[in-house]
Amino acid sequence: MNSLFKMSQHLNERENIVIKVSNLKKTFGNLTAVDNLSFDVYKGEIFGFLGPNGAGKTTSINMICGLIEPTAGEVTILGNGSRKKTDIKTHIGFCPQENIFWPKLTCFEQLVFTGEMYGMTGKPARTRSKELLEWLGLQEKANVLAYKLSGGMKRRLNICLALIHDPEILILDEPEAGLDPQSRILVRNFIKTLAKEKTIILTTHNMDEAGRLADRVAIIDYGKLLLLDTPGNLKKSIGEGDILEIILDKDDQEHPGKMKDSLLQICDQVNLSGVSLMVRTKNMIESVSEITNRIKEHGFKINEMTMRENTLEDVFIHLTGRKLRQ
Amino acid sequence: MKLTSVIKKSFKEQIRHFWILVLTISLAPFFVGFYYWVNEASKPHYDLLILNQDKGVEYLSEKVNYGQRLLEGAKNYIKSTEIPLTIKTTGNKAAAIKQVKNKKADALIIIPGDFSQQVHDWQKGKAVKSIDLEFIGDLTDINYMVSAIWANEIVNDYVFNTTQKVRPLKIIETSLGISGKIDDFDLYVPGLLIIAVIMLMFSATIAIVTEVENKTITRLKLSKVSAFEFLSGVGIIQVLIGIISVLLTLAVAVSLGFDFAGSFWLLILLAVLTSISIIAFSLILAALTKSANEVLIVGNFPLLLFFFFSGAAFPMKAKALFTIFGYPVTIQGLMSPSHSIPALKKVMIMNMGLADIIPEIIALLVITIIYFIIGVWAFQRRHMRVQ
């Protein structure tokens, strides 16, 4: 029964594949920007592409959009392998990392123009433009020249331009980059709303953004896919429980490893680097007093202590041994 | 010390803007080289038509035709002096005038019916009037002037040797169209109208390259718009700008005393066709550049060529490499204004009609199509294709 359920789930997934990336590779001279990347994106999900700057996220996205040709491998969109075909273009909306717009057109004018470039006729393009400006809080700026907008507004206009032709797939490259906190919340909510009707791929180096928005996250670095799963599963993959981060008053030079060994008796994981101590355990609330006692027993004082859940950054550190490069 | 640092920094930046540096320092040498190639290597040549109406004269029971002797003498003179002048005879005045108007010949000389009689009278000391010769041509055309000077020299030499008299000859100059009435200002206005259109090269190229510079070309690549649709759309607006520019130039010229003759609508037609060709050329320039700054540097090359070698700024005579249906194909013919300027002169100076400028219009269209095909292909390849 269980295997039948799994088989049916697998078949459903296959039917729902919107984007299939197979062995994708891109080299620029000696540099391999994307290396043998393979994954599927399912209908209606928010798929996060997480990785540091230069990891190959934008190159992968550009290949998916058809802006650059892969050196090897294939991208299949809605079952069609050729992204040169103009009918495929109408299914994808792309919001690039940079704000790209026509500075001497008003917000409304460029939305209508872009819509018409996608084959929309005048009235539907105008109606859709008004809707989008309203949804993203730009209705009052409809008749303002784009170059006069603030940074956050330009970013929102950039998202509007990606959505003008109502694509089934929306690709957002660093959608929250450069946004003020208020705009970030607006955009985040907007993306969540859109996810009900569209498939969304977003790239980010912001773990918080990926963790909050994405249904599944692919972590890539140096062009390679390191891990792909739901944020919850990714966090669990490096160990369950909460994390206690402690800054000690001195490092463990007198009796190296003694305190760590002592803590490992009551914790699942202990990392000590200089004065920074990180411990993980499933019942952190109950274990905190015992942990602090043992630290003090070994002659240390605690300068600072923070308790938190696993983050995607922890996953990245676990996978690569280093922090996300900013 | 600070000065040294600035010099070092400036030197490094100049070297690293390699193409801009190369283009800047190569412009003048290129220009000199091109001038030599076009002007010297192509060796300009002048065509003189002669209509001999001389009836001859009876002398010592022998029929003598001094007009015919003049023709033979002229050919021998050209052969011995190797001047770049060709003499062709014609029997039809109207056809000959048309040839001159269409620039298939530079000047027409009519030897009158009583030429032999008058030469004879001067020989015998019985002459009561000068020997009249009619020179017909476009008085604004430098080729006419050069041809007429040589013809005058040849004819005077012949008449002096035949009559041994000084100055028996009277040249009657007949101007075609309004070429005899116009001053320098009127003469240069057609070229200036075309220069107004040539200047479109920058605005048209920048209008296209701005999409590359602003990266909005990415949005166009992602949409369903084709390079052809995009470039045509930008081009149509530039054509309108070209027409406005031509009309404004004409209005200023007329207000300053320019004597406008010919068909206004033919002028507009030529302005539109030349604008389209310049915009089509701009597509090639846009394919070669990525920013407005680059356009201003790279664009100087074609701009100077179009200014100085198409006949817009001053007349240029080039040897035909070959002819197609009698229409000469020259090196300058690769520049579209080299076809529109003679057409415009025909309309505005010779007062000729549409039928007379059909060859120029066809040449202009062919060049425009070539520019457009190369431009769209190169732009698509450089800026709109998947990398």
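This passage describes two domains of chain B, one helix of chain A, and the contact between the two chains. The model is predicted.

Chain B was divided by the domain assignment into domain 1, residues 46-175, and domain 2, residues 182-384. The centres of these two domains of chain B, taken over C-alpha atoms, are 41 Å apart. Domain 1 of chain B gives seven residues to the contact, and domain 2 of chain B gives ten residues. On the side of domain 1 of chain B that touches domain 2 of chain B, one residue is nonpolar, three are polar and three are charged.

In chain A, helix H6 covers residues 151-163. H6(A) has 13 residues and spans 19 Å from its first C-alpha to its last. This is close to the 18 Å expected at 1.5 Å a residue. H6(A) is mostly covered, with eleven of its 13 residues buried. Among the buried residues are Met153(A), Leu157(A), Ile159(A) and Cys160(A). Charged residues appear there too, including Lys154(A), Arg155(A) and Arg156(A). Within chain A, the buried residues of H6(A) pack against strands S5 (92-95) and S6 (169-173). They also pack against helices H4 (107-117), H5 (122-135) and H7 (181-194) of chain A. The packing partners of H6(A) further include helix H9 (217-222) of chain B.

The two chains meet through 21 residues of chain A and 13 residues of chain B. Helix H3 (86-89) and H4 of chain A each supply at least two residues of the side of chain A that touches chain B. That side of chain A has twelve nonpolar, five polar and four charged residues.

Note on methods: Residues are numbered from 1 along each chain as its sequence is written. Chains are lettered from A and ligands numbered from 1 in the order in which they are written. This is a predicted model: local features need pLDDT of at least 70, side-chain atom pairs count only at pLDDT 80 or more; totals for chains, interfaces and linings use all residues. Domain bounds come from an automatic or database domain assignment. Helices (H or I, at least four residues) and strands (E, at least two) are DSSP runs, numbered from the N terminus. The expected span of a helix is 1.5 Å times one less than its number of residues. A residue is buried if 20 or more other C-beta atoms lie within 10 Å of its own, exposed if 12 or fewer, and partly exposed in between; C-beta atoms are placed from the backbone.
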